[in-house]
Amino acid sequence: MGLLSRKVTCNAHGQDSSYFLGWEEYEKNPYDDIKNPDGIIQMGLAENQLSFDLIEAWLAKNPEAANFEREGQSIFRELALFQDYHGLPSFKKAMADFMSENRGNRVSFDPKKLVLTAGATSANETLMFCLADPGDAFLLPTPYYPGFDRDLKWRTGAEIVPIQCTSANGFRITKSALEEAYEQAQKLNLKVKGVLITNPSNPLGTTTTRTELNHLLDFVSRKNIHLISDEIYSGTVFTSPGFISVMEVLKEKKLENTDVSKRVHIVYSLSKDLGLPGFRVGVIYSNDDIVVDAATKMSSFGLISSQTQYLLSALLSDKNFTKNYLRENQIRLKKRHMKLVSGLEAAGIECLKSNAGLFCWVDMRHLLSSNTFEAEIELWKKIVYEVKLNISPGSSCHCNEPGWFRVCFANMSEETLKVAMNRLKMFVDGPSSSTRSQSEHQRLKRLRKMKVSNWVFRLSFQDREPEER
């Protein structure tokens with residue numbers, strides 16, 4: 001072991017959390033409706049498999065792109081040869097245009113300010129390398145994507161300080177929570193370099209409000225720090241309120257071409273909106289020329305293949321396709337989301353009202369044996385090993401309230417989702433439920449009678465301004 005680096009031998013990669021352990025259990029015993037009907041159903045994977053047929057239909061109609069041809073002539077050799085890390089100009093333009101379309105063309109993106117990376121994971125880590133030194137901190141609102149503990153910290157040496165958000169206001173970011181996180185970092189002698197948010201949120205499945213974005217921009221402006229907005233789920237918004245990019249708020253506040261705008265950076269990917277995580281396509285967008293230049297050089301450690309760029313530049317340049325795809329994909333996500341919510345309700349389980357993403361933030365606090373994280377993990381193990389559903393416990397997302405779980409719905413067939421919901425209902429209604437203490441039953445009854453959903457399960461959009469979409 002002494003011959004290996006400390007980076008390799010430490011556990012700072014974060015992959016010993018229940019989030020990744022659930023995946024490991026699934027891989028040992030994966031569900032298959034024919035070959036293994038008693039296996040574990042994967043509900044911990046945020047993949048979008050609902051609209052593959054739309055992309056496959058486009059590929060069938062456009063064989064030149066998939067066969068690497070231009071005007072009937074093969075360009076295989078051209079694509080197979082070395083390409084520099086700036087990327088194909090045609091792809092960068094198509095990507096910038098698609099990002100604008102995804103935001104209703106309310107803002108535009110300059111391809112020259114866009115850096116190509118091998119997925120959003122690479123994009124976020126690259127930004128950490130550009131913005132933070134080892135030991136510097138970024139503030140992240142909770143709950144947050146468990147993979148950030150690996151992506152942001154492991155190789156960069158950066159630290160994460162949570163911005164504690166609670167169910168009392170639908171896990172919204174507040175001014176006081178931002179200040180408390182900043183003060184906590186100072187107590188830990190950490191230099192705060194910025195704030196990172198996911199918008200729409202993973203794992204909440206909610207869009208960030210204009211009020212929150214204003215709070216964030218005011219905060220980073222006063223503290224003279226960066227803001228990273230990971231907008232990887234921007235095309236998955238399936239109901240109101242609509243998606244508001246931080247770029248739109250910069251424009252509204254007339255902060256374009258200012259020092260503040262240079263400290264605002266966007267991460268995007270085609271992994272979620274187009275369901276192409278295997279293609280490894282991510283981008284960084286920044287108004288800071290130094291960041292763009294440095295990130296472009298760093299991208300040589302994780303490039304997107306020229307073949308992938310060529311194929312996707314053709315697909316994204318087809319505006320009829322992208323318009324139809326975004327609309328139809330959102331319709332399918334909404335329908336599937338409703339299936340999950342109704343299935344949970346049939347089992348007596350509710351969730352935070354959401355309008356985006358590939359998952360729901362599910363409240364199972366009434367199923368805990370006690371209001372502790374130990375009880376949450378105990379329940380999670382039962383769901384994985386007995387119910388045979390892999391879901392992600394809130395503690396893996398750094399939620400400060402035990403009993404919340406992230407449940408994905410877009411990575412499986414509708415039939416498999418029905419099986420999963422039937423299993424869950426049987427678990428809740430089964431023999432184990434009758435052995436719960438009387439106090440637990442009274443607590444569940446009280447929660448339902450009080451209609452806690454008015455403030456826990458339904459987002460409070462009361463602070464939305466009238467013009468908000």
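These legends go with a set of close-up views of a predicted model.

**View 1. The largest cavity, with a volume of about 210 Å³.**
Searching the whole structure turns up three cavities of 30 Å³ or more, and here we look at the largest one. Its lining is made by 20 residues. To find the middle, look for Pro141, Ile173, Thr198, Ser201 and Leu204, the lining residues nearest the centre. Two elements each give two or more residues to this lining: strand E5 (137–141) and strand E7 (192–198). E7 supplies the largest share, three residues. Sorted by class, the lining of this cavity has eleven nonpolar, seven polar and two charged residues.

**View 2. The second largest cavity, holding about 40 Å³ of space.**
Around this cavity sit Met43, Leu344, Met364, Ile383, Leu389, Ile391, Val407, Met421 and Leu424. What classes do the residues of this lining fall into? Nine are nonpolar, with no polar and no charged residues in the lining. Keep Leu344, Met421 and Leu424 in mind, as they come back in View 4: Leu344 belongs to H15, while Met421 and Leu424 belong to H17.

**View 3. Helix H6 (residues 89–102) packed against helix H14 (residues 306–317).**
The axes of these two helices are 8 Å apart, and the angle between them is about 40 degrees. H6 and H14 are therefore oblique to each other, and their crossing is left-handed. On the H6 side, the contact uses Ser90, Phe91, Ala94, Met95 and Phe98; on the H14 side, Gln309, Leu312, Ser313, Leu316 and Ser317. Count up the classes in this contact and you get six nonpolar, four polar and no charged residues.

**View 4. Helix H15 (residues 319–346) alongside helix H17 (residues 414–429).**
How do these two helices lie relative to each other, parallel or perpendicular? Their axes come within 9 Å and cross at roughly 15 degrees. That angle is under 35 degrees, so H15 counts as roughly parallel to H17. The crossing is right-handed. From H15, the residues in touch are Lys335, Arg336, Lys339, Leu340, Gly343, Leu344 and Ala346. They meet Glu414, Leu417, Met421, Leu424 and Lys425 of H17. This contact has six nonpolar, one polar and five charged residues.

**View 5. H6 again, this time where H6 packs with H15.**
Here the axes of H6 and H15 are 11 Å apart, at an angle of about 40 degrees. That makes H6 oblique to H15, and the two pass each other in a right-handed crossing. Asp97, Phe98, Glu101 and Asn102 are the H6 residues involved, and they meet Lys319, Thr322, Lys323 and Leu326 of H15. Phe98 may look familiar: this H6 residue is also part of the contact with H14. By class, the contact of H6 with H15 is made of two nonpolar, two polar and four charged residues.

**View 6. The largest pocket, with a volume of about 470 Å³.**
Which residues lie closest to the centre of this pocket? Out of the 24 that line the pocket, they are Tyr19, Thr121, Tyr145, Arg150 and Lys272. Helix H2 (18–28), helix H7 (119–131) and helix H8 (148–151) are the elements that each give two or more residues to the lining. The lining of the pocket is a mix of eleven nonpolar, six polar and seven charged residues.

Key: Residues numbered from 1 in each chain as written. Predicted model: local features only at pLDDT ≥ 70, side-chain atom pairs only at ≥ 80, totals over all residues. Heavy atoms only, no water. 1 Å grid on protein atoms, 1.4 Å probe; cavity = no way out; pocket = protein on both sides within 12 Å on 5 of 7 lines; lining within 4 Å. Points joined across faces, edges and corners; volume = space filled by probe spheres on them. Nonpolar A, V, L, I, M, F, W, Y, C, P; charged D, E, K, R; others polar. Axes fitted to C-alpha atoms, helices over the stretch in contact; angles between N-to-C directions. Parallel < 35°, antiparallel > 145°, perpendicular 65-115°, else oblique. Left-handed = near helix turned anticlockwise from the far one by under 90°. Contact = heavy atoms within 4.5 Å.
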